[in-house]
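Q: Please take a close look at one part of this structure, the surroundings of the ligand, and then follow the chain outward from there. I would like one connected explanation that a first-year student can check against the picture.

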Amino acid sequence: MDILVVAASKHSSTAEIADTIAGELESLGHVVRREPIDAAGIGGADAVVLGSAVYMSRWMAPARDFAERHRAALATLPTWVFSVGLAGAEADEPEKVEARIVEAIDPVGTATFPGRLDPTLLNLRERSVTRLTRAAEGDQRDWDAVKTWARLIDTELSEHLATSG
Ligand SMILES: Cc1cc2nc3c(=O)[nH]c(=O)nc-3n(C[C@H](O)[C@H](O)[C@H](O)COP(=O)(O)O)c2cc1C
C-alpha cells in the first residue's frame, strides 16, 4: 500500500516519531511517503497517517491546515491520527484537542504519545510557559509504543481493505 505520513513538529520530537512510524510501515512492506506537511499532497495515497505536536492544548497550525486542505480525501481514505504532548495524557488525545478535525476525518485509529521537552531547544517565551506549567523536562518518547502503533496501523489497514471490499 502507498501510505502518506505527515506530521507538524516545531522542535523535531514529533517529526522523529513520524519517521519511526514511517520506517516501521516500510519494514512491513508498504511504500511510504514521509513528506513535509506544508508541501504534501495526497497524491495516490491509499492511506494517511497525520500527527501533530500539542502546543497550548491545540495541534500546530500546519496539521490543522493540512486537515482542512485535504478534508474530503481524508474523510474517504483510511486515516490514522496522533498527538504528541508532554505526558501523552488523555488531555492531549486528538479527540480532545481537535474534536472537529477528528470528527471530520473519522479516523480508523488515534494515538497519543509522550514527547520531549528540552529546555535548550526552547525560546524564552516557550521556556517561561513550560516553567509556569511545571512541565517535566526530558525525552519521554516510548519508541516501543510508537512501533507497536505502526504495526497496529498495518493490521487495521488490512482489515479495513478486507471489509471495504
Ligand atoms: C510552549 C509550550 C507549550 C506546550 N503546550 C503543551 C500542551 O498544551 N499540552 C501538552 O501535552 N504538551 C505541551 N507541550 C509539550 C510539547 O507538546 C512537547 O514538548 C512535544 O514533544 C513537542 O513536539 P515537537 O518537538 O515536535 O515540537 C508544550 C511545549 C511547549 C514548549
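A: In this predicted model, the ligand is surrounded by 23 residues, and the closest of them are Ser-9, Thr-14, Ala-53, Gly-85 and Gly-115. By character, the residues of this shell divide into 10 nonpolar, nine polar and four charged. Several elements contribute to the shell, with at least two residues each from helix H1 (13–27), strand S3 (47–55), strand S5 (79–85), strand S7 (116–117) and helix H6 (124–132).

Three of these elements, H1, S3 and S5, appear again when we turn to helix H7, since they are among what covers the buried residues of H7, together with strand S6 (109–114). Helix H7 runs over residues 143–164, and because each residue should add 1.5 Å, its 22 residues should span 32 Å, which agrees with the 31 Å between its end C-alpha atoms. The buried residues of H7 are Val-146, Trp-149, Ala-150, Ile-153 and Leu-157. These residues cover an arc of only 100° around the axis, and therefore they lie on the same side of H7. The general reason for such a pattern is that an α-helix has 3.6 residues a turn, so residues three or four places apart point the same way. On the other side of H7, the exposed residues are Asp-144, Thr-148, Thr-155, Ser-158, Glu-159, Ala-162 and Thr-163.

Strand S3, which supplies residues to the shell around the ligand, also leads into a loop that deserves a careful look. Met-56 lies in this loop, between S3 and strand S4 (58–59), and Ser-57 has its place there too. Most residues other than glycine have a negative phi. Met-56, however, is not a glycine and has a positive phi of about 50°, while the phi of Ser-57, also a residue other than glycine, is positive and near 65°. Met-56 counts as exposed because it has 8 C-beta neighbours inside 10 Å, and Ser-57 is likewise exposed, with 11 other C-beta atoms within 10 Å.

Finally, Val-102 can be found in helix H5 (residues 99–105). Val-102 has 19 other C-beta atoms within 10 Å and is therefore partly exposed, given that a buried residue would need 20 or more. Beyond its neighbours within four places in sequence, Val-102 is in contact with Val-81, Pro-94, Glu-95, Pro-107 and Thr-110. Of these, Val-81 is 21 residues away from Val-102 in sequence, yet their C-alpha atoms are 8.0 Å apart in space.

Key: Residues numbered from 1 in each chain as written. Predicted model: local features only at pLDDT ≥ 70, side-chain atom pairs only at ≥ 80, totals over all residues. Near = placed C-beta within 6 Å. Helix = DSSP H or I, 4+ residues; strand = E, 2+ residues; numbered from the N terminus. Nonpolar A, V, L, I, M, F, W, Y, C, P; charged D, E, K, R; others polar. Expected span 1.5 Å × (residues − 1). Buried ≥ 20, exposed ≤ 12 C-beta atoms within 10 Å, placed from the backbone. Arc of directions from axis to C-beta. Contact = placed C-beta atoms within 7 Å.
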